[in-house]
Amino acid sequence: MADDVGIVIGLGSNVEPALNIPEGVRQLRRHARIAVKRVSRIYESPAVGVAGAPDFHNAAVLAVTDLEPAQLRKELRGIEARQGRQRTSDRNAPRTLDLDLVYYDDLVAEFDGWRVPAADASTAPHVVIPVAEIAPDWINPGSGLTTNTVATKLASDGSKVRPIMDVRVSTPATTTGHDGFGDGIEVYSPRVEALVREQLEEIGEDPTREGLARTPLRVAKALDFLTSGYQTTVEEVVNGAIFDSEGAEEMVTVKGVEFYSMCEHHMLPFFGQIAVAYLPRGKIIGLSKIARIAEVYARRLQVQERLTNQIADAIENSLDPYGVAVIVEAKHLCMMMRGVQKQESSMITSAMRGTFQTNARTRTEFLELVRS
Ligand code: ZN
């Protein structure tokens with residue numbers, strides 16, 4: 001893997017921008033190889049040189065990635081395409097989402113000169129002003145000036161770029177000093193938040209009362225985290241942490257691995273502990289990776305049986321061991337809260353592969369280790 005580099009991505013939209021910019025930010029946050037560090041507010045600006053054209057919304061994201069510029073651009077194009085963007089040469093054509101790589105640089109070596117600055121990174125107010133909010137000290141190689149200096153100058157020249165909405169994760173420390181920015185509406189996932197608001201109304205609640213005002217936002221963030229397994233693969237979490245067993249063929253056992261998942265029938269939590277054993281055939285894996293593999297599958301809508309099998313399959317595919325065994329013991333809130341079963345009952349599922357399936361002694365040895 002390449003070293004991590006700092007990047008600045010500019011976002012723009014003039015088709016349902018109030019939906020598309022926050023959705024674009026959310027897609028960047030969910031990307032497995034882009035770690036979003038800071039997000040600017042959303043700024044509104046009139047379309048350049050076209051009377052009656054819809055206003056643009058713009059924002060900027062500071063992130064860290066291990067992708068090379070060409071790979072990164074390809075990933076950005078992919079996110080744009082998923083949000084319905086069709087690229088044309090017309091700069092004023094309707095666009096659901098534009099993702100532009102504004103800056104790309106190596107944070108490891110100090111200020112060794114920013115690479116790949118976008119052409120308009122020092123001239124276009126709708127690019128520079130959001131960027132200055134999240135990366136004020138970054139120096140534009142064209143002008144040699146910080147983005148903050150350039151943005152201040154562009155703003156004093158009468159730029160019509162003004163902040164209108166907040167899509168940052170963290171609560172703004174202060175909103176003073178930003179003209180035209182009111183009470184800071186933070187948006188994470190507009191579609192999910194609208195649905196949660198409707199859901200609250202459906203159950204007879206008032207989504208505008210104080211205690212619920214930020215609930216749709218919180219639910220959207222929580223749901224995103226709890227289902228983040230859909231965006232992760234076993235290969236990514238294992239990330240090469242497979243080692244030579246140096247001839248050892250003894251059973252490797254890990255137990256008490258905590259997990260939290262959501263049942264796909266009620267979208268309510270089920271949680272418990274996982275025990276895993278395998279008989280190495282030349283390869284072993286870092287113990288912490290077993291928990292990470294479990295998370296890849298637990299952070300999805302699940303049934304316990306499938307979760308158990310998927311963990312076993314993942315270990316089998318990663319290590320090609322003589323055998324693998326997985327036992328999952330969990331409590332299901334959909335049963336406990338709805339009074340379907342006894343409150344304290346838990347469900348146990350298992351998956352036995354290879355030697356654990358064919359050899360009763362191996363299986364018994366594992367079961368005794370798990371019980372002890
Ligand atoms: Zn359920």
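The exercises below, each with a worked solution, concern a predicted model of a protein chain with a zinc ion.

**Exercise 1. Confidence**

Determine where confidence in the protein chain is lowest and where it is highest among its strands and helices, and how the stretch 169-184 should be read.

Solution.
Step 1. Begin with the chain as a whole: the mean pLDDT is 85, and 87% of the residues reach 70 or more.
Step 2. Turn to the elements. Strand β6 (residues 162-166) has the lowest confidence, with a mean of 77, while strand β11 (residues 301-302) has the highest, at 98.
Step 3. Consider residues 169-184, where the pLDDT is below 50. Beyond near neighbours in sequence, this stretch has 19 contacts in the model.
Step 4. Apply the general rule: where pLDDT is low, predicted coordinates should not be read in detail.

**Exercise 2. The chain as a whole**

State how many helices and strands the protein chain has, and describe its burial, surface and contacts.

Solution.
Step 1. Count the elements: the chain has 12 helices and 13 strands.
Step 2. Examine burial. The chain has 372 residues, and 45% of them count as buried.
Step 3. Examine the surface. The accessible surface is about 19100 Å², and carbon and sulfur atoms contribute 52% of that area.
Step 4. Examine the contacts. Among those with a separation of 6 or more, 67% are between residues 24 or more positions apart.

**Exercise 3. The zinc ion**

Identify which residues coordinate the zinc ion, and decide whether C263 and H266 are buried, partly exposed or exposed.

Solution.
Step 1. List the donors: C263 through SG, H266 through ND1 and C334 through SG, at 2.1 to 2.3 Å.
Step 2. Place them in the sequence. Their spacing is C-x2-H-x67-C.
Step 3. Judge C263. Its relative accessibility is 4%, so C263 counts as buried.
Step 4. Judge H266. Its relative accessibility is 34%, so H266 counts as partly exposed.

**Exercise 4. Strand β8 and its partners**

Work out in which sense β8 pairs with β9 and with β11, and where M267 lies.

Solution.
Step 1. Take β8 and β9 together: they pair in the antiparallel sense, over 9 bridges. Within this pairing, T253 stands opposite A277 in β9.
Step 2. Take β8 and β11 together: these strands run parallel and are joined by 2 bridges. The zinc donor C263 has Q302 in β11 as its bridge partner.
Step 3. Locate M267 in the loop between β8 (252-263) and β9 (269-279). The hairpin of these two strands has 5 residues between them.
Step 4. Note the backbone of M267. Although M267 is not a glycine, its phi is positive, at about 55°. With a relative accessibility of 46%, M267 counts as partly exposed.
Step 5. Set D320 beside this case. D320, also not a glycine, has a positive phi of about 45° and lies in the loop between α9 (304-319) and β12 (323-332). Its relative accessible area is 42%, so D320 is partly exposed.

**Exercise 5. Salt bridges**

Establish how many salt bridges the structure holds, and explain what parts the pair R41 and E133 ties together.

Solution.
Step 1. Recall the general principle: side chains of opposite charge can pair when their charged atoms come close.
Step 2. Give the total: the structure holds 16 salt bridges.
Step 3. Inspect R41 and E133, whose side chains meet at 3.2 Å, N to O. Because R41 lies in strand β3 (residues 41-45) and E133 in helix α3 (residues 125-134), the pair ties together parts 92 residues apart in sequence. R41 has a relative accessible area of 1%, so R41 is buried.
Step 4. Inspect E295 and R292. Their closest N and O atoms are 3.5 Å apart. The two residues are 3 apart in helix α8 (residues 287-298), so about one helical turn separates them. E295, at 30% relative accessibility, counts as partly exposed, and R292, at 38%, counts as partly exposed.
Step 5. Inspect D157 and K153, which meet in a salt bridge at 3.2 Å, N to O. K153 has a relative accessible area of 52% and is exposed.
Step 6. Finish with a network of salt bridges, which links E23, R26, R30 and D224.

Key: Residues numbered from 1 in each chain as written. Predicted model: local features only at pLDDT ≥ 70, side-chain atom pairs only at ≥ 80, totals over all residues. Heavy atoms only, no water. pLDDT = per-residue confidence, 0-100. Helix = DSSP H or I, 4+ residues; strand = E, 2+ residues; numbered from the N terminus. Contact = heavy atoms within 4.5 Å. Donors = N, O, S within 2.8 Å, 3.2 Å for Na, K, Ca; no water. Buried < 20%, exposed > 50% of the residue type's maximum accessible area, 1.4 Å probe, protein only. Areas by Shrake-Rupley, 256 points an atom, 1.4 Å probe, with all protein chains shown as cover. Salt bridge = Lys/Arg side-chain N within 4 Å of Asp/Glu carboxyl O. Pairing = 2+ DSSP bridges.
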